[in-house]
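Reader: Please take a close look at one single part of this structure with me, and then show me how the rest is put together. I am new to it, so I would be glad of a careful and connected account.

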Amino acid sequence: MTSKQPAHRLRKSPGQVRSAVHQAVIDLLSDPEGADLTIPAVARRAGVNHTSVYRRWGGREALLADVVVTRLERDSRLADTATLRGDLRAWAEAGVASVRTPEGRLLIHAVALSVRGSATAQEERARQFERRMAAIERIRDRATARGEVPPPLDRILDQLVAPLYLRAVLGIGPPASGYPDLLVDRLLRDPDSRRPA
């Protein structure tokens, strides 16, 4: 299969390069003919020089991590519902919606398959994970400011975040409805989760 190659390359801003590269990753992962997700293939599809991709992301694993976290952050805007339960449920609903899309499942699965990588890629994944967890911490901080006692971060990861993404990695979609409520109810009902962090 031949990747789409622009007739000519126009100079792109850093934001345009990032957007084009991210879209190229999604396009290649979605390709029914199984196009290889390599940096040169991504660069060709995005219409940018492959050295620009290497310079910015270093390698495939770091690029995948950036695409996944950017997409999840875009799809999981933090709602302020004025309650801890409502905020966690809104976050989980957005997560479910994201992993229900073919693109979302493909991206998460691709990252899971590339967990072994260079030290630079592992550091980048850790940075991206910290960015993602900052959203959960903001939910916890808001709850604390309202006088609620939020569960510790590791409990939220184990009981709310992990089930959503484990299903995506294994190719098991979330139940048709009510899954966010089920996860949040279990999390907040667990007496250990109510202990202050």
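**A close look at Ala82**

Author: Ala82 has a relative accessibility of 48%, and so it counts as partly exposed; buried means under 20% relative accessible area, exposed over 50%, and partly exposed in between, with a 1.4 Å probe and protein chains only. Ala82 is found in the loop that runs between helix H4 (60-75) and helix H5 (84-100), where helices (H or I, at least four residues) and strands (E, at least two) are DSSP runs, numbered from the N terminus. The phi angle of Ala82 is positive, at about 80°, although this residue is not a glycine.

Some ground rules belong here. This is a predicted model, in which local features need pLDDT of at least 70 and side-chain atom pairs count only at pLDDT 80 or more, while totals for chains, interfaces and linings use all residues. Residues are numbered from 1 along each chain as its sequence is written, and side-chain values use heavy atoms, with hydrogens and water left out.

The pLDDT is the predictor's confidence in each residue, from 0 to 100. For the protein it averages 80, and 79% of the residues score at least 70. Among the elements, the highest mean pLDDT, 94, belongs to helix H2 (residues 39-46), and the lowest, 72, to helix H6 (residues 102-113).

As for the overall make-up, the secondary structure comes to nine helices and zero strands. Of the 197 residues in the protein, 42% are buried. If one takes the contacts with a separation of 6 or more, 71% of them are between residues 24 or more positions apart, contact meaning heavy atoms within 4.5 Å.

From the loop of Ala82 one can step back into H4, the helix that holds Leu72. Leu72 counts as buried, with 8% relative accessibility. Leaving aside residues up to four places away in sequence, Leu72 touches Ser98, Arg132 and Tyr165. The C-alpha atom of Leu72 is also separated by 9.9 Å from that of Ile108, 36 residues apart along the chain.

The packing of helix pairs comes next. Two packed helices are described by the angle between their axes and the distance between the axes. Axes are lines fitted to C-alpha atoms, for helices over the stretch in contact, and the angles run from 0 to 180 degrees between N-to-C directions.

Helix H1 (residues 14-30) packs against H2 at an angle of about 115°, and their axes are 8 Å apart. H1 is therefore roughly perpendicular to H2; angles under 35 degrees count as roughly parallel, over 145 as roughly antiparallel, 65 to 115 as roughly perpendicular and the rest as oblique. The crossing of H1 past H2 is right-handed, since a crossing is called left-handed if the near helix is turned anticlockwise from the far one by less than a right angle, and right-handed if clockwise. On the H1 side, Ala20, Val21, Ala24, Val25, Asp27 and Leu28 meet Ala41, Val42, Arg45 and Ala46 of H2. This contact of H1 with H2 has eight nonpolar, no polar and two charged residues, where Ala, Val, Leu, Ile, Met, Phe, Trp, Tyr, Cys and Pro count as nonpolar, Asp, Glu, Lys and Arg as charged, and the others, Gly among them, as polar.

H2 has a further partner in helix H3 (residues 50-57), and the axes of H2 and H3 come within 8 Å and cross at roughly 115°. This crossing of H2 and H3 is right-handed. Here Ile39, Pro40 and Ala43 of H2 meet His50, Val53 and Tyr54 of H3, a contact with five nonpolar, one polar and no charged residues.

Further along the chain, helix H8 (residues 153-170) and helix H9 have axes that come within 9 Å and cross at roughly 155°, so H8 and H9 are roughly antiparallel to each other. The residues in this contact include Arg155 and Leu160 of H8, and Tyr179 and Leu187 of H9; by class, the contact of H8 with H9 divides into eight nonpolar, one polar and three charged residues.

Two residues of H9 complete the picture. Leu187, in H9, is buried, with a relative accessible area of 0%, and its C-alpha is 7.6 Å from that of Arg155, 32 residues apart in sequence. Asp181, also placed in H9 (residues 179-189), is partly exposed at 30%. The C-alpha atoms of Asp181 and Ala90 are separated by 9.5 Å, with their positions 91 residues apart along the chain.
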